[in-house]
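Here is a report on how two protein chains meet each other and two DNA strands. Please keep the sequence and the model in view while reading.

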Number of protein chains: 2
Amino acid sequence: MSSVTPTESKTPATRMKSEDRRELILTAATEVFGEFGYVGTTTEKVAQAAGVSQPYVVRMFGTKEKLYLEVIHRALERLLEAFRGALAEESDKPLDHRIGLAYVTLMSDRGLLLVLMHAFVLGSDPVIGEAARCGFLEVYEFLRTEAGFDAGQSRQFLANGMLVNTMIGIRMSDEYSANPIARELLDESFPEKLDLLLELGDDRTTAGHEAAE
Amino acid sequence: MSSVTPTESKTPATRMKSEDRRELILTAATEVFGEFGYVGTTTEKVAQAAGVSQPYVVRMFGTKEKLYLEVIHRALERLLEAFRGALAEESDKPLDHRIGLAYVTLMSDRGLLLVLMHAFVLGSDPVIGEAARCGFLEVYEFLRTEAGFDAGQSRQFLANGMLVNTMIGIRMSDEYSANPIARELLDESFPEKLDLLLELGDDRTTAGHEAAE
DNA sequence: GTCTATACCAAGATAGAC
DNA sequence: GTCTATCTTGGTATAGAC
């Protein structure tokens, strides 16, 4: 099964509080948007992943775009939350190492890192691009101000993050076992937590994409 | 006008050799795909940018997907070509610096870097993802083998590249003049050739994206 | 080699029932 | 709160004329 697993049949979803349902859909949407990108995601896919009907998704968030914005906002919130956690943490490890680890650990929150990455390449979109720039700068500011990194360190940190995102997005881990070159690159790119990446890949397939004939 | 500038009116394009027209369309497609991504690009947009009719684009390349694959392939070719140029170049600068500069210089080839970046996040697509992984690994192999970098240097180089791609994709340069934080990040991210990025941004707009009402 | 016309399908959004 | 049915748009691809 893909990371985007429809919650089974069409039987009406059991009635639940709007807030809970909302959270459920946002989680599902994060995964789906992370896999297919903004344009490549249909509200139908999100609905299936969340186990509700397509119109309900639209109804609840207004438009696909608004849904995406909420997803991005939420992802960013969690990202910074994780960073602040690493900052507060008692440890003898250097700070950049701790925050880096926190970042990589976010891989287990399916789609979270990827959904941001997708937003980052949509800079020319008037509304999504704007949100992406703001979000990115927010992270940069965190590194400079709260974490106390200098400009060079911050840049370096972000560069590593973008590489990590790319390795996840491109699903390089699929090549890990068969391709020694890929393995070397992966080993080099994930100081720790490579296991996390490899596990994640296990139940991913190409489901949801049109099958190549 | 956007980077994707329609070549004026609908008057039948002057008859030209298939090969030349092909190249023309590939150039246009690189720009458009770079801006909107694979799914976000319509064959119609490509056609307009190239100054031909939409069915002609499809006719010439078979499907949108095949066109995209050709675009990626071509972009990768040019990338490696540029790297090999830097490799051969006589200079007292260190090699990594030269190749890095060659990379950043590719920004002026509109869409080239971005079209690759878009492919990198589409890893779960059976055919595009496959091409993306291959391409990425090809670059890595170049660094390790031809350029003679070790694994760490190569990783570092790629990380920097992904940050550069992200800065371009997110159109961070739009913030350069107004936002000091963005300026600092940009100054830090582009050792040289920042001017190139800033120039590029000048004639970009959000044209082509649905206007926010 | 290039276009016009069009078939066909997918997807977002709306209306209204339960 | 959640669904079914449906309208509408827009996008790929095909047919066939010039």
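In this predicted model, a polar side-chain atom of Y56(A) lies 2.3 Å from a phosphate oxygen of DNA strand D. That is a polar contact (a pair of N or O atoms within 3.5 Å; within protein, one must be able to donate a hydrogen and the other to accept it, and residues adjacent in sequence count only if both atoms are side-chain atoms). Local features need pLDDT of at least 70, and side-chain atom pairs count only at pLDDT 80 or more, while totals for chains, interfaces and linings use all residues; side-chain values use heavy atoms, without hydrogens and water. Residues are numbered from 1 along each chain as its sequence is written, and chains are lettered from A in the order in which they are written.

**DNA strand D**

DNA strand D is surrounded by 20 residues, the closest being M16(A), S18(A), R21(A), Y56(A) and R59(B). Near means that a heavy atom of the residue lies within 4 Å of the strand. Of the strand D atoms within 4 Å of the protein, 62% are sugar and phosphate. At least two residues of this surface come from each of α1 (18–40) and α3 (54–61) of chain A and α3 (54–61) of chain B. Helices here are DSSP runs (H or I, at least four residues), numbered from the N terminus. The surface has 7 nonpolar, 8 polar and 5 charged residues. In this count Ala, Val, Leu, Ile, Met, Phe, Trp, Tyr, Cys and Pro are nonpolar, Asp, Glu, Lys and Arg are charged, and the others, Gly among them, are polar.

**DNA strand C**

Around DNA strand C there are 19 residues, and T43(A), R59(A), S18(B), R21(B) and Y56(B) come nearest. Sugar or phosphate makes up 63% of the strand C atoms within 4 Å of the protein; the rest belong to bases. α3(A) gives the most to this surface, with 3 residues. The residues divide into 7 nonpolar, 8 polar and 4 charged.

Further polar pairs on both strands are listed here.

| Protein atom | DNA atom | Distance |
|---|---|---|
| R59(B), side-chain N or O | strand D, base oxygen | 2.8 Å |
| K64(B), polar backbone atom | strand D, phosphate oxygen | 3.0 Å |
| T41(A), polar backbone atom | strand C, phosphate oxygen | 3.4 Å |
| Q54(A), polar side-chain atom | strand C, base nitrogen | 3.0 Å |
| K64(A), polar backbone atom | strand C, phosphate oxygen | 3.0 Å |

**Where the chains meet**

Chain B gives 51 residues to the contact and chain A gives 50. Contact means heavy atoms within 4.5 Å. The two chains bury about 4,500 Å² between them, 67% of it on carbon and sulfur atoms. Buried area is the accessible area (1.4 Å probe) lost on putting two parts together, summed over both. V121(B), S124(B) and I170(B) supply 14% of the area that chain B buries against chain A, more than any other three residues.

The interface holds 4 salt bridges. Each is a side-chain nitrogen of Lys or Arg within 4 Å of a carboxyl oxygen of Asp or Glu. One of them joins R133(A) to E175(B), with the closest N and O atoms 3.6 Å apart. On the side of chain B that touches chain A, the largest share, 12 residues, comes from α8(B).

**A residue in α8**

N165(B) lies in α8 (residues 151–169) of chain B. Is N165(B) buried or exposed? N165(B) is buried, with a relative accessible area of 1%. Buried means under 20%, exposed over 50%, and partly exposed in between (1.4 Å probe, protein chains only). Beyond neighbours within four places in sequence, N165(B) contacts Y103(B), L113(B), L114(B) and M117(B).
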